[in-house]
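Visitor: I'm new to reading protein structures. Could you walk me through a few features?
Guide: Sure, let's open it up and take things one at a time.

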Amino acid sequence: MSKLSTSLRALCALLLVCLCSATPAQNPTTAPDLTGLWQGTLGTGTVKLRLVLTFTRAADGQYNAILDSVDQGATLPADKVTLTGDKVRVDVGKVNGFYEGTINRDATEIAGSWTQNGVTQPLSFKRGSADSAQKKNEVKPAAPPQKPLTVPLDVMIPSAPTAVQADGKNVLVYELHITNFSGQNVTLTHIEALGVGGAELARLGANELVTSVLLVGNRQAAGMEKLNLAPGQRAIVYMWVALDSSAKLPAALEHKVSAKIGAYPDELTIQCARVIVGRDVPVISPPLRGDNWLAGNGPSNTSGHRRALIPIDGHAAIAQRFAIDWVRLNPDGNTYTGDRLDNKNYRAYGSEALAVADGTVVATKDGIPQNVPGENSRAVPITLETVGGNHVILDIGHGRFAFYAHLQPGSLKVKVGDHVKRGQVLGLVGNSGNSTEPHLHFHIGNSNSPLGSEGLPYVFASFEARAKKDAPPVQHRMEIPAEDEIVTFAQTSK
């Protein structure tokens, strides 16, 4: 169960992933070479974050920058890198921050500071070895290296994708689980998603893979190290294939996975992981009423919900694949007025959580006290029993279960066994469980389990959304809201 944070964009919160290009501000032949992996530590005392900053450079001289938070197993985007003499600046718009530093004469250290939301902290980086972890696990091959008999990878898709409309596109959301069955290191080089007749629908090169791969058991892997699978290791590749709405949806997908095996110099490719594409997406009613609902941690390939792969009862699943943390904004863009430590000052607090379809109540939880708003303030220890706080689960038919979390204690209007109608009030939005401020966590899964289910897509018949506070509204039909869209639901009154 993922939380919603008032500092969702803070470095110490759950980090999001993307890859952006940057342009040097001077002649690349005279500028210091930033290419490679740089290591640093943010913070002092007991609160420290180990960071890895990886620079890559395209043929035209443009830099790409990826910032990994090693202790969180997360990747932070860089929007722009500016290099002026020995001065470098890395802008990270996703978290409203930037890094500025000075490169030493032999280009082995960068001394500088990280600034976020007006707060500046010292942060220095030292050049590291991108392949140090790889060498640690490397099994020396026989010489000369011989071509492997086969590509020693097991590639599977544990949950088949169902096409859903989002932001004007048809989106296929799923994961590849890739396991190295050999005694040598295997380095992923690129992956292609193919449609009928082998038509390429998406291609993830090394840079795209870095932002899409999680190494199971090694969340500290950073940069290109993420693409290196030690013997027996598994990688999770988060796939987000977006197709133009006018394009014909493929009936099935298959994949080309390319990799280098041990010391063998050539890239090897296998065609594998064929899966049928589903099309049955439920049309649900809004779980809330009114305007200015921010789709926090909403559907994208980089949100915290998207990456929440959790093993429950012997099965690893992503129940929150399409989950949204709904917070309500005031006209100024804030979620509260006055004292931020008072739940009643949050606009979402006390809003009615509504049944999205006719269904039967199959689980409830009540009596969990509310948290004081804040990053680390929890009224009870967080366990599998308390993570969702006071909650309701509805069986809405066809193997779909709607989950409503973080409700106010004593506010539930239903009990197990009740049959409810679409739009019926289930409870009131609160701040219980693994929550940092009043909001409604909502998702649909394929079983009666908050976390031990596979998250399923859904769409609303219509809603109005803005990409940001001052952007013009856009009407959406038969779509799921995208991450951080500000939504007005068509159903605005009881």
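Visitor: Leaving aside its neighbours within four places in sequence, which residues is His315 in contact with?
Guide: Keep in mind that this is a predicted model. Leaving out the neighbours within four places in sequence, His315 is in contact with Ile310 and Glu454. With Glu454 there's a polar contact, side chain to side chain, at 3.4 Å.

Visitor: Where is His315 found?
Guide: In strand β24, which covers residues 315-317. Its C-alpha is 9.0 Å from that of Ser453, although the two are 138 residues apart in sequence.

Visitor: Is His315 buried, partly exposed or exposed?
Guide: Buried means under 20% relative accessible area, and exposed means over 50%. His315 has 37%, so it counts as partly exposed.

Visitor: Now strands. In what sense do β6 and β7 pair, antiparallel or parallel?
Guide: Antiparallel, over 5 bridges, with β6 at residues 80-84 and β7 at residues 87-92. One bridge partnership joins Thr82 to Arg89 in β7. The two strands form a hairpin with 2 residues between them, and Gly85 in the turn has a positive phi of about 60°.

Visitor: And how many bridges join β7 and β8?
Guide: There are 6, again in the antiparallel sense, and β8 spans residues 97-103. Val90 stands opposite Tyr99 in β8. This hairpin has 4 residues between its strands, with Asn96 in the turn at a positive phi of about 55°.

Visitor: What about charges? How many salt bridges does the structure hold?
Guide: The general idea is that side chains of opposite charge can pair when their charged atoms come close. Here the structure holds 16 salt bridges. One of them joins Asp91 and Arg89 at 2.9 Å, N to O. Asp91 is buried, at 19% relative accessible area, while Arg89 is partly exposed, at 28%.

Visitor: Which residue does Asp291 meet in a salt bridge?
Guide: Arg347, at 3.3 Å, N to O. Asp291 sits in the loop between β21 and β22, and Arg347 in the loop between β25 and β26, so the pair ties together parts that are 56 residues apart in sequence.

Visitor: Which residues are linked in a network of salt bridges?
Guide: Glu175, Arg306, Arg321 and Glu454. You've met Glu454 already, as the polar contact of His315.

Terms used. Residues are numbered from 1 along each chain as its sequence is written. This is a predicted model: local features need pLDDT of at least 70, side-chain atom pairs count only at pLDDT 80 or more; totals for chains, interfaces and linings use all residues. Side-chain values use heavy atoms; hydrogens and water are left out. Buried means under 20% relative accessible area, exposed over 50%, partly exposed in between (1.4 Å probe, protein chains only). Contact means heavy atoms within 4.5 Å. A polar contact is a pair of N or O atoms within 3.5 Å; within protein, one must be able to donate a hydrogen and the other to accept it, and residues adjacent in sequence count only if both atoms are side-chain atoms. Two strands pair if DSSP finds at least two bridges between them. A salt bridge is a side-chain nitrogen of Lys or Arg within 4 Å of a carboxyl oxygen of Asp or Glu.
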